[in-house]
Structures are given as structure tokens and as C-alpha cells.
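When we describe a protein, words such as "buried" or "oblique" should rest on a stated rule. Let us look at one chain and ask what lies behind each word.

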Amino acid sequence: MYFPSLQIMKVSDGDNKINEKLLEQLDFWLASRRVAVRNYLSPYSFSQFSDVDSTLCIDLFYYCTSDKVNILKARYDVFIRSLGLKIGSYYDYNDIPEFFVDSDNNEELEISDNDILIYFELLEEPEEVPNINLDDGAGKPRGVGIVEFRDAEKKYSFAMSDILRKNNL
């Protein structure tokens with residue numbers, strides 16, 4: 001494996017363990033990311049690469065932020081779409097301000113969940129980098145909407161049953 005810390009996901013958790021094919025794909029995909037995009041990882045890009053349902057990939061990325069695995073870190077980027085302006089990045093949802101003051105128009109704008117995208121940052125370097133030129137065709141990475149992330153967060157324990165299965169995909 002390129003990331004030995006992912007080995008923890010192979011350890012049996014009751015009768016279940018992480019699907020090994022999915023884990024190998026994640027390990028390879030993370031290791032093959034260019035340094036320039038390792039702070040903008042998206043479950044959608046991984047979903048395209050692995051041909052696995054995007055909801056499952058969101059759940060998998062969320063699991064990778066847990067204390068047990070701790071290979072990814074979620075980052076909340078706030079964009080005021082009406083202004084085409086990124087106003088900040090936050091590692092804790094509670095740190096996101098409720099309002100943004102547009103000094104050009106002298107108005108206060110409410111920050112809604114639609115203004116928040118979640119990207120994932122890779123916390124480790126791979127032990128080695130795959131010797132390939134991988135172009136997954138995903139283009140610029142797209143963050144996960146906060147609404148989708150919250151849905152994954154709410155059903156976390158249930159969705160893990162999709163990830164933690166005995167059978168191959």
C-alpha cells in the first residue's frame with residue numbers, strides 16, 4: 001500500500017471489514033494525486049475514477065477523517081456565488097460566519113449552506129508515488145456541498161454498512 005495508515009481499514013470490525021477492492025482503489029487514487037491538488041480532494045472525482053456511487057464515496061471520505069483512520073481532513077470553503085468571491089476556508093463548521101459584509105455595495109449578505117463547499121486535504125504523503133501519468137478527466141475538483149455532507153454525517157453509522165461488507169463490489 002502507498003499509505004500504510006489505510007491498513008487499519010482492513011482490520012475486521014465485528015463481522016465486517018472495508019471492501020479490499022475499494023480500499024486498494026482509494027489507496028492508489030490518493031497516491032496518484034498531484035501535489036497541487038492534494039488539498040482539493042473530492043469524493044466526486046474518486047467516484048468517477050472508481051465507478052462507485054458518489055454517496056458511498058462521500059461516506060468513505062468522511063470515514064477517512066475519523067480519528068481511527070485520520071488520513072483526510074475536511075475543509076469548508078465559503079464562496080459568495082452572487083459575487084463570485086471566496087471569502088474563506090474553515091476547518092470547523094462552527095467557525096463559519098453567518099454573514100458577509102460586501103463593502104463595495106455596503107450590504108450584509110447571509111451565508112447559506114449553498115455557499116459552502118467541502119474539500120478534503122490529504123494529511124500524509126504516500127510512501128511512494130505510482131509511476132504513471134494518471135488523468136482521470138475530472139478537471140477542476142468540485143467540493144462536496146454542505147447539505148450532502150450533513151446527510152452523510154447523519155447516516156454515517158448506517159452508510160458504513162455499505163462500505164463495510166464482506167462481499168466484493
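The questions and answers below concern a predicted model.

Q: How many helices and strands are there in the protein chain, and in what order do the elements run?
A: The protein chain has 5 helices and 6 strands, and from the N terminus on they run α-α-α-β-β-β-β-β-β-α-α.

Q: Why is α2 called oblique to α3?
A: The axes of helix α2 (residues 43–50) and helix α3 (residues 54–64) come within 8 Å and cross at roughly 125 degrees. Angles from 65 to 115 degrees count as roughly perpendicular and angles over 145 as roughly antiparallel, while those under 35 count as roughly parallel. The crossing angle of roughly 125 degrees falls in none of these ranges, and therefore α2 is oblique to α3. The crossing of these two helices is also right-handed.

Q: Which residues make the contact of α2 with α3, and how do they divide into nonpolar, polar and charged?
A: On the α2 side the contact is made by Pro43, Tyr44, Phe46, Ser47 and Ser50, and on the α3 side by Ser54, Cys57, Ile58, Leu60 and Phe61. These residues divide into 7 nonpolar and 3 polar, with no charged residue among them.

Q: What makes Arg81 exposed?
A: Arg81, which is found in the loop between β1 and β2 (85–90), has a relative accessible area of 52%. A residue counts as exposed when this value is over 50%, so Arg81, at 52%, is called exposed.

Q: Which residues does Arg81 touch, if those up to four places away in sequence are not counted?
A: Arg81 touches Asn114, Asp115 and Leu117. In addition, the C-alpha atoms of Arg81 and Ile116 are separated by 9.8 Å, although these two residues are 35 residues apart along the chain.

Q: Which residues touch the most other members of the largest nonpolar core, and which element gives the most to this core?
A: This core has 38 residues, and Met9, Leu30, Ile71 and Leu72 touch the most other members. The elements that give two or more residues to the core are α1 (20–31), α3, β1 (72–80), β5 (116–122) and α4 (146–154), and α3 gives the most, with 7 residues. Not counting residues up to four places away in sequence, Ile71 touches several residues, among them Phe3, Leu6, Leu30, Cys64 and Leu122.

Notes:
Residues are numbered from 1 along each chain as its sequence is written. This is a predicted model: local features need pLDDT of at least 70, side-chain atom pairs count only at pLDDT 80 or more; totals for chains, interfaces and linings use all residues. Side-chain values use heavy atoms; hydrogens and water are left out. Axes are lines fitted to C-alpha atoms, for helices over the stretch in contact, and angles run from 0 to 180 degrees between N-to-C directions. Helices (H or I, at least four residues) and strands (E, at least two) are DSSP runs, numbered from the N terminus. A crossing is left-handed if the near helix is turned anticlockwise from the far one by less than a right angle, and right-handed if clockwise. Contact means heavy atoms within 4.5 Å. Ala, Val, Leu, Ile, Met, Phe, Trp, Tyr, Cys and Pro count as nonpolar, Asp, Glu, Lys and Arg as charged, and the others, Gly among them, as polar. A nonpolar core is a set of buried Ala, Val, Leu, Ile, Met, Phe, Trp, Tyr and Cys residues joined through side-chain atoms within 4.5 Å. Buried means under 20% relative accessible area, exposed over 50%, partly exposed in between (1.4 Å probe, protein chains only).
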